[in-house]
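Colleague: I would like a close look at a single part of this structure, the place where two helices pass each other. Could you walk a first-year student through that part, and then through what surrounds it?

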Amino acid sequence: MLLIPSQVKEFAGIVSDAGFKIYLVGGAVRNIKRGVPPVDYDFTTNAMPQQIMALFRKVIPTGIEHGTVTVLFKGYSFEITTFRIDGKYNDSRHPDSVAFSDDIYEDLKRRDFTINAMALDVLTGELIDAHSGAEDLKNGVIRAIGNPEERFAEDGLRILRACRFAAQLGFSIDPDTLKGMHSQRHHLEGVSSERIRDEVLKSMTGDRPSVSFLYMQETSVLEYVLPELLEGVGMEQRERHKFDVFHHNLFSCDFMEKDPILRMTALLHDIGKPRTFRLRDGVPTFYCHEKVSAQMAGSILQRLKFPNADIRRICHLIENHMFNYTDDWSDGAVRRFVARVGRENISDLFKLRFADRAGSMGSTTYACTPEDIALARRIDLIVSEATALGIKDLAVNGNVLNQKAGIPKGPAMGQVLNFLLEAVMEDPSQNTRETLLDLGRNFYRTRIDL
């Protein structure tokens with residue numbers, strides 16, 4: 001068993017010395033049993049919140065109506081909840097009422113899965129495991145406590161938690177638990193978009209996020225979470241693709257770097273393919289699928305309440321992932337590519353390209369091509385030359401063009417600046433104040449102010 005920090009034991013000791021029972025519960029116990037350092041420490045106790053507040057100076061009443069307070073103690077944040085028995089769950093999400101208890105066994109019965117229903121006395125090392133959680137942890141099984149249908153009817157979010165734990169831990173889900181997930185999936189209608197988003201993102205932290213989505217598909221849960229993904233089931237692709245669109249998206253997500261936002265990008269990068277499918281001479285084509293995928297991704301991410309900055313980043317990468325570099329690209333073409341994608345997005349775009357290729361064949365063997373390496377080197381060289389790759393890099397700005405070349409502000413100014421950027425990307429030596437003033441003045445007089 002892992003060494004438990006002295007501050008954790010000291011905290012538990014203060015509660016115990018005051019005459020109360022206290023146990024470590026939840027993910028911390030699960031991690032300790034697996035030999036993984038806990039991320040946080042949650043406790044349960046027979047002390048009432050007011051009694052805990054009397055023992056410590058810094059206490060936040062985070063959920064006092066449900067018996068929960070957060071204690072700030074020697075650099076740690078400990079959430080501690082009174083033993084309780086939950087009432088009915090009429091909204092399929094939260095108990096209508098809670099009753100406090102003096103029985104740890106009653107408290108553990110109300111939890112979701114056996115691997116989350118163990119309690120550890122950090123002072124004595126005693127493990128309370130009435131639901132065989134340690135055995136399921138050893139065997140790699142996600143199993144609902146008691147009757148699965150009742151557990152999922154109480155809280156629909158538990159269905160997604162089961163999928164998420166399977167992906168994070170690399171576990172399988174017990175067959176009876178899977179049946180309960182399927183029969184009670186309608187309770188997901190009562191779960192907020194934000195909570196669904198959070199579970200999806202947590203799934204992205206495991207080695208194989210696809211496990212979560214495959215379980216969602218098996219239990220018909222995916223139609224409540226990301227129904228657009230199902231459009232790719234059975235949608236075959238060209239010979240370079242070993243899988244249908246659905247599995248290609250999932251496996252691309254697996255091969256992406258363990259960044260939840262980048263993995264979300266990989267998951268959605270080809271989601272528009274089914275809507276662009278056409279057969280041409282017997283060959284499946286998906287012209288402009290990157291644009292449709294970006295549009296669909298934007299709608300999905302808005303529905304799941306993603307931050308606007310993340311939506312813009314994901315959609316931008318998806319819309320630009322279909323580039324076809326050849327060695328006959330001019331330096332100007334490379335500069336325009338970098339300007340369109342943005343220097344700050346180049347690395348992520350290459351990661352998406354790598355995951356896309358790996359997800360096509362289920363292997364990283366051919367995921368990085370000589371063309372990718374050549375383009376990356378050319379981009380590094382061009383960026384190091386500090387040439388203009390955006391309007392802000394030009395030797396003149398709108399004010400200078402207005403004052404020195406007489407170009408009026410407004411739409412005309414935008415046209416002139418875009419023209420100058422194109423000129424400089426083709427020939428960086430033109431990026432001087434005098435040259436750009438002459439070019440801008442001439443362009444305005446001959447092409448706009450006719």
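**Two helices crossing**

Modeller: Helix α12 passes helix α13 in a right-handed crossing. Before going further, please keep in mind that this is a predicted model. The two helices cover residues 245-255 for α12 and residues 260-268 for α13, and their axes come within 7 Å of each other while crossing at roughly 155°. Because angles over 145 degrees count as roughly antiparallel, α12 and α13 are described as roughly antiparallel to each other.

If you look at the residues that meet there, you will find N249, L250, S252, C253 and D254 on the α12 side, and R263, A266 and L267 on the α13 side. Sorted by class, this contact is made of 4 nonpolar, 2 polar and 2 charged residues.

Two of these residues lead us to the interior. Both L250 and L267 are touched by F213, whose other contacts, leaving aside residues up to four places away in sequence, are V200, M204, L222, L226 and L229. F213 in turn belongs to the largest nonpolar core, a group of 80 residues in which F43, F213, L226, M264 and L267 touch the most other members. Helix α7, residues 157-169, supplies the largest share of this core, with 9 residues. A second core, separate from this one, has 20 residues, including L317, L352, L375 and I382. As a general background, nonpolar side chains in soluble globular proteins tend to be buried together.

Turning from the core to the loops, S220 lies between α10 (210-218) and α11 (222-225). This residue has a positive phi of about 60°, although it is not a glycine, and its relative accessibility of 22% is the reason why S220 counts as partly exposed. Further along the chain, D281 sits in the loop between the strands β12 (278-280) and β13 (283-285). D281 also has a positive phi, here about 55°, and again it is not a glycine; with a relative accessibility of 83%, D281 counts as exposed. These two loop positions deserve a second look because most residues other than glycine have a negative phi.

Finally, for a helix residue on the outside, consider A54, which is found in helix α3 (residues 49-55). A54 has a relative accessible area of 68%, and is therefore exposed. Its C-alpha atom lies 22 Å from that of I104, a residue 50 places away in sequence.

Key:
Residues are numbered from 1 along each chain as its sequence is written. This is a predicted model: local features need pLDDT of at least 70, side-chain atom pairs count only at pLDDT 80 or more; totals for chains, interfaces and linings use all residues. Side-chain values use heavy atoms; hydrogens and water are left out. A nonpolar core is a set of buried Ala, Val, Leu, Ile, Met, Phe, Trp, Tyr and Cys residues joined through side-chain atoms within 4.5 Å. Buried means under 20% relative accessible area, exposed over 50%, partly exposed in between (1.4 Å probe, protein chains only). Helices (H or I, at least four residues) and strands (E, at least two) are DSSP runs, numbered from the N terminus. Contact means heavy atoms within 4.5 Å. Axes are lines fitted to C-alpha atoms, for helices over the stretch in contact, and angles run from 0 to 180 degrees between N-to-C directions. Angles under 35 degrees count as roughly parallel, over 145 as roughly antiparallel, 65 to 115 as roughly perpendicular and the rest as oblique. A crossing is left-handed if the near helix is turned anticlockwise from the far one by less than a right angle, and right-handed if clockwise. Ala, Val, Leu, Ile, Met, Phe, Trp, Tyr, Cys and Pro count as nonpolar, Asp, Glu, Lys and Arg as charged, and the others, Gly among them, as polar.
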